[in-house]
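Visitor: I'd like to go through this one by asking why things are called what they are called. Can you take me around?

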Amino acid sequence: MMREKPIEIFCGTGGVGKTTLSASRAIQLAASGKKVLLITIDPAKRLKEILNMTDEAAGEITTIQSDIFRHQPGNVPYQFDALLMSPEHTLKRMAERNQSFQDFDNRIMKTLVRPYGGMNEIMAIIEVQYQMEQKKYDCIVLDTPPGKHFIDFLLSTQKIKRFFDKTFVEIFKYLGKSVGTQSEAPGMLSILVRTGIKKLLSYLEKVTGAQFVNDFIDAIVGLYRNRDSFLKAMAFQEELQKEEVSNWFLVTSVEQMKQSEARELREEAVRFMHNDNYLLINKSISQYLGDWFPQDEYLKKLRHTMLDKENRLKTMQDQSFRSSILFPEVLETSPAEHVGKLATEWSIHFPI
Amino acid sequence: MSARLIVFTGKGGVGKTTLSLAQTLSLKESGKNVLYNNFDQFPNYGLCDRLRIPHLDLELEESAVEYMAQKLGSHMIAGWIMKTPFFSSLLHMLPGLGHIIIMGHLINRLEKDPTLTIVMDSPSSGHAMTMFESTHNFKKIFGSGMLFNDLNRMQDFLFSGDKVSVNVVTLPTEMAIHEASELKSAFLGFGLQDVKIVMNESLPSIPEMTPERVALLPEFLSKKYQIESQIIESFKSEITNTFPHLVNESMAESITELAKYFGGSK
């Protein structure tokens with residue numbers, strides 16, 4: 001029996017089916033009457049295709065009606081909300097709340113929050129934290145970026161903390177910018193730091209041009225003025241470590257020979273994880289090949305290699321997962337039908 | 001093949017690593033001066049060494065120090081800059097900056113040695129977009145200066161002529177092919193000239209899969225075979241190359257077998 005929690009997190013290496021499994025879980029929860037928000041942080045945005053959304057929907061919460069999924073658990077219509085992460089939208093909302101548009105009116109910030117600008121993981125933490133705070137949903141289902149980018153996502157709060165390190169305060173003081181911090185007595189140490197910064201900036205300017213250094217400092221000052229919003233997201237990290245807050249699913253796929261990557265990912269993630277972890281083995285084919293015993297040598301080999309991959313994944317389950325669940329491969333061509341079918345699998349394994 | 005930088009990208013799990021290693025092996029066996037690079041991801045150098053595949057390993061922070069050292073004429077100053085919390089936070093906050101530093105490093109190597117070819121096992125779709133888009137983004141950010149000029153040089157290499165060949169690897173499902181086409185158009189939009197879609201793990205492309213054997217497949221595999229055949233037929237104008245589903249025990253065997261497809265002997 002799996003307990004229901006306010007957050008459910010799906011992680012795994014690329015292409016294993018994190019998005020389809022998290023979407024199907026959202027369907028199951030919604031069909032049983034829960035208020036659900038499904039968020040995808042993966043910049044590949046496969047969710048868009050599954051839920052018939054457009055690129056324009058990125059950043060806005062979209063309500064998905066059950067009629068697009070033909071296989072559905074129960075026959076009562078339901079709906080759930082879905083969100084394709086957009087770093088730009090997250091930053092814009094932050095600026096609205098803090099009334100700090102001018103802080104982000106900077107060409108560096110504008111470039112960085114573009115869809116592939118590189119701030120995805122950090123802005124994602126802020127977005128999820130914001131949605132949690134709204135308390136509008138019974139469950140937030142989170143589809144995370146693949147492989148080590150998931151670890152990047154988990155490390156975001158540390159990066160935020162490091163970014164707003166005291167050293168930056170020193171930079172601002174040196175530059176005479178007002179950032180609203182209490183002034184500290186300029187001891188020997190800070191004088192040393194200051195001379196270092198002066199040198200550092202002159203080197204940086206030599207390589208990047210003066211314009212960049214100016215813009216960069218403005219961007220940092222802008223971020224710094226809004227630092228409370230960033231730092232608040234750090235609370236989310238602590239939430240994640242609480243067993244009563246989240247369920248974790250490590251998704252693997254029979255289609256791939258990636259057990260070692262999945263293991264590495266698990267070992268890295270375990271630093272942030274608690275014991276409510278489940279191993280999901282996707283695209284399982286054993287149930288289709290179980291009673292097939294070909295005589296032909298080549299077909300024997302084909303059967304053996306296909307089943308062998310699945311058996312190797314099953315050996316992972318003794319690694320302290322609460323349990324492991326097989327999801328059969330689905331050949332349905334329409335993405336919506338596909339997730340609808342997987343939702344039925346969820347209700348078989350974890351009835352609500 | 002005239003491309004100097006051969007890139008394999010696509011969604012996770014489509015076989016980018018297997019195909020890029022097979023491509024490297026095939027070029028090496030034909031006597032080319034070639035290196036495999038896995039662009040700052042989980043490395044599998046044991047496999048490279050077992051197959052005698054030469055590889056170029058770049059670590060982000062070292063690459064960044066080397067780059068700064070070149071610009072400032074001092075390795076010591078560059079090392080010091082990189083160690084400051086200021087700069088190291090900057091690199092960690094902005095993965096795109098790291099991408100262009102490594103990409104710049106690869107292009108430098110190619111420009112220094114005109115006989116060299118590099119096969120890049122690139123990050124998967126979304127992050128490959130960040131990698132190519134970053135050259136445009138950081139040009140906007142810098143506006144002028146040494147880095148701006150270097151970015152122009154990088155873009156010359158990447159986006160003009162036939163020096164770069166990008167392979168978007170896809171599995172034989174309709175949804176996967178749609179995603180691959182979307183990725184291909186995005187790459188063309190960034191300015192890349194030569195972008196191909198290649199299909200991997202296809203059942204109908206297995207040479208051993210004779211009609212007699214197809215008739216012996218169980219219902220599930222037979223349906224999968226039919227679906228894949230239809231997909232190959234309807235997307236044949238978009239797919240440049242197709243690689244079969246392999247039944248080898250190890251990745252090393254698969255790489256050796258796939259190398260024959262690149263070499264033209266299959």
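Guide: Happy to, and we can begin with domains. This is a predicted model, and its chain A is split into domain 1, covering 7-161 + 232-349, and domain 2, covering 165-230.

Visitor: How do you know which residues of chain A make the contact between the two domains, and how many does each domain give?

Guide: The test is whether C-beta atoms, placed from the backbone, lie within 7 Å. By that test domain 1 of chain A gives 13 residues and domain 2 of chain A gives ten. On the domain 1 side, at least two residues each come from α3 (87-98), α4 (101-104) and α5 (107-112) of chain A. The largest share, three residues, belongs to α5(A).

Visitor: What makes up that side of domain 1 of chain A by class?

Guide: Seven nonpolar, three polar and three charged residues.

Visitor: Now to the contact between chains. How many residues come from chain B and how many from chain A?

Guide: Chain B puts in 50 residues and chain A 56. Several helices of chain B supply at least two residues each, among them α3 (60-72), α6 (95-112), α9 (174-190) and α11 (219-234). The largest share on the chain B side is the ten residues from α7(B). Sorted by class, that side of chain B has 24 nonpolar, 16 polar and ten charged residues.

Visitor: Why is chain B called as compact as a globular protein of its length?

Guide: Start with its secondary structure, which comes to twelve helices and six strands. The radius of gyration of chain B is 20 Å, and the globule rule gives 18 Å for 266 residues; the two are close, so chain B counts as compact as a globular protein of that length. For the extents, the C-alpha trace of chain B spans about 70 × 35 × 35 Å along its principal axes.

Visitor: Why are α1(B) and α12(B) called oblique?

Guide: Their axes come within 7 Å and cross at roughly 60°. Roughly parallel needs an angle under 35 degrees, and roughly perpendicular takes 65 to 115. The angle fits neither range, and therefore α1(B) and α12(B) are oblique to each other. Their crossing is right-handed.

Visitor: Which residues meet there?

Guide: From α1(B) they include Leu19(B), Ala22(B) and Glu29(B), and from α12(B) they include Ile255(B), Leu258(B) and Phe262(B). The contact of α1(B) with α12(B) divides into nine nonpolar, five polar and one charged.

Visitor: What makes α7(B) and α9(B) roughly parallel?

Guide: They pack at about 10°, with axes 10 Å apart. Angles under 35 degrees earn the name, so α7(B) and α9(B) are roughly parallel to each other. In this contact, Ser125(B), Met129(B), Phe132(B), Glu133(B) and His136(B) of α7(B) face Leu183(B), Ala186(B), Phe187(B) and Phe190(B) of α9(B). By class that is six nonpolar, two polar and one charged.

Visitor: And why is α7(B) called roughly antiparallel to α8(B)?

Guide: Here the angle is about 155°, with the axes 9 Å apart. The cut-off is over 145, so α7(B) is roughly antiparallel to α8(B). The crossing of α7(B) and α8(B) is left-handed. Thr135(B), Phe138(B), Lys139(B) and Phe142(B) of α7(B) meet residues of α8(B) including Leu147(B), Leu151(B) and Leu158(B). The classes in the contact of α7(B) with α8(B) are seven nonpolar, two polar and one charged.

Methods
Residues numbered from 1 in each chain as written. Chains lettered and ligands numbered in written order. Predicted model: local features only at pLDDT ≥ 70, side-chain atom pairs only at ≥ 80, totals over all residues. Domains from an automatic or database assignment. Helix = DSSP H or I, 4+ residues; strand = E, 2+ residues; numbered from the N terminus. Nonpolar A, V, L, I, M, F, W, Y, C, P; charged D, E, K, R; others polar. Axes fitted to C-alpha atoms, helices over the stretch in contact; angles between N-to-C directions. Left-handed = near helix turned anticlockwise from the far one by under 90°. Rg over C-alpha atoms; globule rule 2.2 N^0.38 Å.
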